[in-house]
Amino acid sequence: MAELIRMPKMSDTMQQGVISRWLKQVGDKVEVGDILAEVETDKAVMELESYEEGVLLHVGVTAQSAVEVNALIAIIGEPGEDFQSLLQDTTACTLPPMPAPDRLPSKGLEPVTVAAQVNEKQTAKDRIFASPLAKRLAKEKGCVLANIPGSGEGGRIIKQDVLDFIVDQEAIATSTKSTHLWHEQESYQDRPLTALRQKMATVLTAHKAAAPHFYVTIQLQMHKMVALRSELNVHADTKISINDLMIKAVALALRQHPTLNAAWLTDKIRYYQHVHMGVAVTVEEGIMVPVIRFADQKPVMAISKEMKHLSIKAKENKMIWQESSGATFTLSNLGMFGIESFTAIINPPAACILAVGAIQQSPVVQDQQVVVAPIMKVTLSCDHRVVDGAAAALFLATLKELVEEPLRLLL
C-alpha cells in the first residue's frame, strides 16, 4: 500500500522547510536509508532520509518551495499502484515557490513614465482638457499633455502650465548633468528571503524587543597574546588565530563566572555547568553559529581545528542541527574586517554575547609614559533579566587577566 511522505520536524524551532533539490525522481526505486531530497531548515541544509522502500510514485512539491512541517511532499509505493485517492484525501500545505538565486532578475523593472500610467488608466473616450494655445505650444515643444498638471477651471491646461512644465523639465535635466549620474535608469533587485534569513529576522527582532540589553566595553592589551600566537604557529600543524585564543579565554572566564553562562527561560533562569561556545560565522544567506562544545576543556589546537572544520561546513551549508545548537554563550568577531568596536544582539536563549573588534596600534600609558601598543576592544551584551552590571564587569576583568597573561590558556 502506498505510503505518504511528510515534511519532518528537523529542529526544535523548525516551522517549515525549503526543498533545495530532489535527489530521487518519480519512477526511481527507493530503499530504506536512501536520501530523497535536501531540505533547508532555519538552521542548516539537511538530508531527508527515506524510511520506506518501493518506487517514488509522486512528488507533490517542486524544488525551491517552502513546505510546512507535516505537509505531504511525496508518495512511495509499488510500481503502478493507484495513489490518486490518497491525493484527493490529503492536501499538501506549501508556500509559493522561491526562485533559485541564479534565476533572479539581474536588472530592475523598466521605468514607467507618468504618461504610461495615465494612458493605462484612460479609455479611448477619455479627454484631456487644454486650451488651443496650450495644445499648440505643447506640440511644438514635444510635451505630452497627460504629463502636465492643469491649473485652469476643472483642471484645464493653459499656456502658463505648459511653460512652467518646460522650465521644470529643463531644471531636472540640468541637475542630472551637474551631478554626473552614470545611470539614468533607476533599477533594483528583489531577492526572496531564505529560511535562514527569515529565522534570523524573527528570532533577533523578538529577542531584542523582549530582552533588556545593556553593554559593557573594555580594552585589552594584546602584545603578549600576539606574541604567543606567533610562537605557537611555529610549531603547530594548523594555524591558530586570535579568534581561537579568544574562544578559549572566554570559555575559561565563564568557568569562573557561571552567572553569565546562563539562559532566560521565562519562568526560570538556567545556569549551565558546561561551556558550549557559539561563534558567529558570516555566510551568503546571513549568519550561522557553529558551536564548540565543552570549549573550556579543549586545548587551543583542538578548538582551532574544530572551528576551521565547522566554518567550512557553515559556508557550504552542510552543518547538521547538532553542530549549530546548544550554545550557552556566543562570540562575534568583526576584527578581521577592521571594525574597532561594535555591539551585538544576544543569541537566545543565552544571556550574553561578546563582540570582538580589531587589534589596533593605540597610545597607552605604561610606567607613566605614553607608548604605542596593540589594543583590542571587546563589548559584552547582557540580558539584564539574568545578568547584573557588577557581574558583567567582574567577568570582563577576568577575561582581561587571561588575555594579557595568555600562557594561562595553555595550562
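**Exercise 1.** How many bridges join strand β18 to β19, and do the two run parallel or antiparallel?

*Solution.* Before you start, keep in mind that this is a predicted model.
- Step 1: Find β18 at residues 352-366 and β19 at residues 369-383.
- Step 2: Count the bridges: there are 13, and the strands run antiparallel.
- Step 3: Check one position. Q361 sits opposite P374 in β19.
- Step 4: Look at the link. Two residues lie between β18 and β19, and together the strands form a hairpin. In its turn, D367 has a positive phi of about 55°.

**Exercise 2.** Work out which residue of β19 stands opposite Y215.

*Solution.*
- Step 1: Go to strand β10, residues 213-221, which pairs with β19 in the antiparallel sense.
- Step 2: Nine bridges hold this pairing.
- Step 3: Look across from Y215 and you land on S381 in β19.

**Exercise 3.** Take the open sheet of four strands and say which strands stand at its edges, and why one side of each is left without a neighbour.

*Solution.*
- Step 1: Write down the order, β1-β8-β6-β3, with antiparallel pairing.
- Step 2: Read off the edges: β1 (3-6) and β3 (29-30). Each has a single partner strand, so one side of each has no neighbour in the sheet.
- Step 3: Now try a pair from this sheet. β6 (residues 54-59) and β8 (residues 72-77) pair over four antiparallel bridges. Here L56 has I76 of β8 as its bridge partner.

**Exercise 4.** Describe how helices α6 and α7 pack: what is the angle, and how far apart are the axes?

*Solution.*
- Step 1: Locate α6 at residues 223-235 and α7 at residues 242-256.
- Step 2: The angle is about 115°, and the axes are 10 Å apart.
- Step 3: Name the arrangement. Because 65 to 115 degrees counts as roughly perpendicular, α6 is roughly perpendicular to α7.
- Step 4: Find who touches whom. M225, V226, R229 and L232 of α6 meet I242, L245 and M246 of α7.
- Step 5: Add the handedness: α6 passes α7 in a right-handed crossing.

**Exercise 5.** Find out how many residues the largest nonpolar core has, and which of them have the most contacts inside it.

*Solution.*
- Step 1: The core has 74 residues, and M246, M277, L354, V378 and L380 have the most contacts inside it.
- Step 2: Ask what supplies the largest share: helix α7, with 10 residues.
- Step 3: Zoom in on M277. Setting aside neighbours within four places in sequence, its contacts include I247, V250, P290 and F329.
- Step 4: Don't miss the other core, which lies apart and has 11 residues, among them A130, L137, L145 and I157.

Terms used
Residues are numbered from 1 along each chain as its sequence is written. This is a predicted model: local features need pLDDT of at least 70, side-chain atom pairs count only at pLDDT 80 or more; totals for chains, interfaces and linings use all residues. Side-chain values use heavy atoms; hydrogens and water are left out. Two strands pair if DSSP finds at least two bridges between them. A nonpolar core is a set of buried Ala, Val, Leu, Ile, Met, Phe, Trp, Tyr and Cys residues joined through side-chain atoms within 4.5 Å. Buried means under 20% relative accessible area, exposed over 50%, partly exposed in between (1.4 Å probe, protein chains only). Contact means heavy atoms within 4.5 Å. Axes are lines fitted to C-alpha atoms, for helices over the stretch in contact, and angles run from 0 to 180 degrees between N-to-C directions. Angles under 35 degrees count as roughly parallel, over 145 as roughly antiparallel, 65 to 115 as roughly perpendicular and the rest as oblique. A crossing is left-handed if the near helix is turned anticlockwise from the far one by less than a right angle, and right-handed if clockwise.
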